[in-house]
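Hello,

Here is the model we talked about handing over. My notes on it follow below.

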Amino acid sequence: SRAKLFDEKQDVKVTFKDVAGLEGAKEEVQEIVDFLKTPDKYTSLGGKIPKGALLVGPPGTGKTLLAKAVAGEAKVPFFSLSGSDFVEMFVGVGASRVRDLFKQAKEKSPAIIFIDEIDAVGRARGKSNFTGSNDERENTLNQLLTEMDGFGSKTNVIVLAATNRADVLDKALMRAGRFDRQIYVDLPDVRERKEIFEVHLRPLKISEGLDMDFLSKQTPGFSGADIANVCNEAALIAARNNKKAVDKQDFLDAVDRIVGGLEKKNKIIT
Ligand code: ATP
């Protein structure tokens, strides 16, 4: 059987309400939502709608979530694939996959294409990424650039790409008419962590008077993904202890567990 080429979602339910914090980034992508919804308004004076934007920031900060929310807000289909899927691919497969992806998206436009981990294909050409098959990676990258350059003025497909390594990207990607906008998606501060907790506590039964300021202060350096993890772990810990609601101690235990996991991960990296 043939491997799945890319992912396509028609009816995206994620909206900006699901993305906590990230006010600046949300403001910037709101513009992209407007371009998708009313392209004629923006092209009426001769301006060109941007083809792509790069979401830059550490892992787990909500880049994928934000890209999905753009599709959800604009009510357009969401096409996605991950750059890391291209590693270890046979000759020609990466490029043809990119071609298929853009073809489908253009047929269903207006649409969002999301490329996660673009650094896996978008590293500066001629620099090894230690995985071999550099030629194939370069073919894939070249195809991506060709597709974006081929967008006509009426295409109305916007390509969002995510990376936590903007420094290694091929400068050709950032040239005008490609990913010429960079949107920073940073780790949340204490106030933003509280907002993220509020989003992820919504589906939980929590004990009365649970102090969210306290929780946000207990989690410096946590990403949105870490906080989502804490909330889920806390609910499981409370259930294991046969509680009727998730309380402060469950959250503290969950934080300890996540911190333990993060420390282990960092030990492997360094
Ligand atoms: P990676 O670089 O690892 O792909 P990412 O930046 O794309 O990470 P997401 O995959 O969007 O991060 O985040 C993972 C999950 O963490 C989300 O599905 C969501 O549950 C939670 N999350 C992350 N950031 C936020 C946020 N700002 N608001 C609410 N939830 C968040």
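Which residues does lysine 51 touch, leaving out those up to four places away in sequence? They are Met148, Asp149, Phe151, Val157, Ile158, Val159, Gly177 and Arg178. Please keep in mind throughout that this is a predicted model.

**Lysine 51 and its surroundings**

Lysine 51 sits in the loop that runs between helix 2 (39–43) and strand 2. Is this lysine buried or exposed? Lysine 51 is buried, and it has no salt bridge. The nearest side chain of opposite charge belongs to aspartate 149, at 4.9 Å. A salt bridge needs a side-chain nitrogen of Lys or Arg within 4 Å of a carboxyl oxygen of Asp or Glu, so the pair does not count as one. A polar atom of the lysine 51 side chain does lie 3.1 Å from the backbone oxygen of methionine 148.

Aspartate 149 has a salt bridge with arginine 178, where the closest N and O atoms are 2.7 Å apart. Aspartate 149 belongs to helix 6 and arginine 178 to the loop between strand 5 and strand 6, so the bridge ties together parts that are 29 residues apart in sequence. Arginine 178 is buried, with a relative accessible area of 11%, while aspartate 149 is partly exposed at 40%. Both of these residues are among the contacts of lysine 51.

**The sheet**

Six strands form an open sheet in the order 1-3-4-5-2-6, and the pairing is mixed. Its edge strands are strand 1 (7–9) and strand 6 (181–184), each of which pairs on one side only. From one strand to the next, the twist averages 20°.

Strand 2 (residues 52–56) and strand 6 run parallel and are joined by four bridges. Alanine 53 has arginine 181, in strand 6, as its bridge partner.

Helix 3 (residues 63–74) lies across strand 2, strand 3 (78–82), strand 4 (111–116) and strand 5 (157–163). The helix runs at about 170° to strand 4.

**Phenylalanine 79**

Phenylalanine 79 is in strand 3 and is buried, with 0% relative accessibility. Its C-alpha lies 7.6 Å from that of alanine 111, and the two residues are 32 apart in sequence. What else does phenylalanine 79 touch, not counting residues up to four places away in sequence? Besides Ala111, the contacts are Phe6, Asp7, Glu8, Leu101, Gln104, Ala105, Lys108, Ile112, Ile113 and Phe114.

**Other salt bridges**

How many salt bridges does the structure hold? There are 13. The bridge between arginine 178 and aspartate 149 was described above; here are some others.

Two of the contacts of phenylalanine 79, Glu8 and Lys108, also pair with each other: glutamate 8 forms a salt bridge with lysine 108, with 2.9 Å between the closest N and O atoms. Glutamate 8 is in strand 1 and lysine 108 in the loop between helix 4 (93–107) and strand 4, so this pair ties together parts that are 100 residues apart in sequence. Glutamate 8 is partly exposed, at 29% relative accessibility, and lysine 108 is partly exposed too, at 34%.

Glutamate 147 and lysine 106 also meet through their side chains in a salt bridge, at 3.8 Å from N to O. Glutamate 147 lies in helix 6 (residues 134–149) and lysine 106 in helix 4, so the parts tied together are 41 residues apart in sequence. Is glutamate 147 buried or exposed? Glutamate 147 is buried, with a relative accessible area of 10%. Lysine 106 is partly exposed, at 33% relative accessibility.

Further along the chain, Lys243, Asp247 and Asp250 are linked in a network of salt bridges.

**Threonine 61**

Threonine 61 is in the loop between strand 2 and helix 3. At 8% relative accessibility, threonine 61 is buried. Its side chain makes a polar contact of 3.5 Å with the side chain of lysine 63. Leaving out residues up to four places away in sequence, threonine 61 touches Leu22, Val185, Asp186, Leu187 and Ser223.

Regards

Methods. Residues are numbered from 1 along each chain as its sequence is written. This is a predicted model: local features need pLDDT of at least 70, side-chain atom pairs count only at pLDDT 80 or more; totals for chains, interfaces and linings use all residues. Side-chain values use heavy atoms; hydrogens and water are left out. Two strands pair if DSSP finds at least two bridges between them. Helices (H or I, at least four residues) and strands (E, at least two) are DSSP runs, numbered from the N terminus. Axes are lines fitted to C-alpha atoms, for helices over the stretch in contact, and angles run from 0 to 180 degrees between N-to-C directions. Contact means heavy atoms within 4.5 Å. Buried means under 20% relative accessible area, exposed over 50%, partly exposed in between (1.4 Å probe, protein chains only). Lys and Arg count as positive and Asp and Glu as negative; His and the chain ends are not counted. A polar contact is a pair of N or O atoms within 3.5 Å; within protein, one must be able to donate a hydrogen and the other to accept it, and residues adjacent in sequence count only if both atoms are side-chain atoms.
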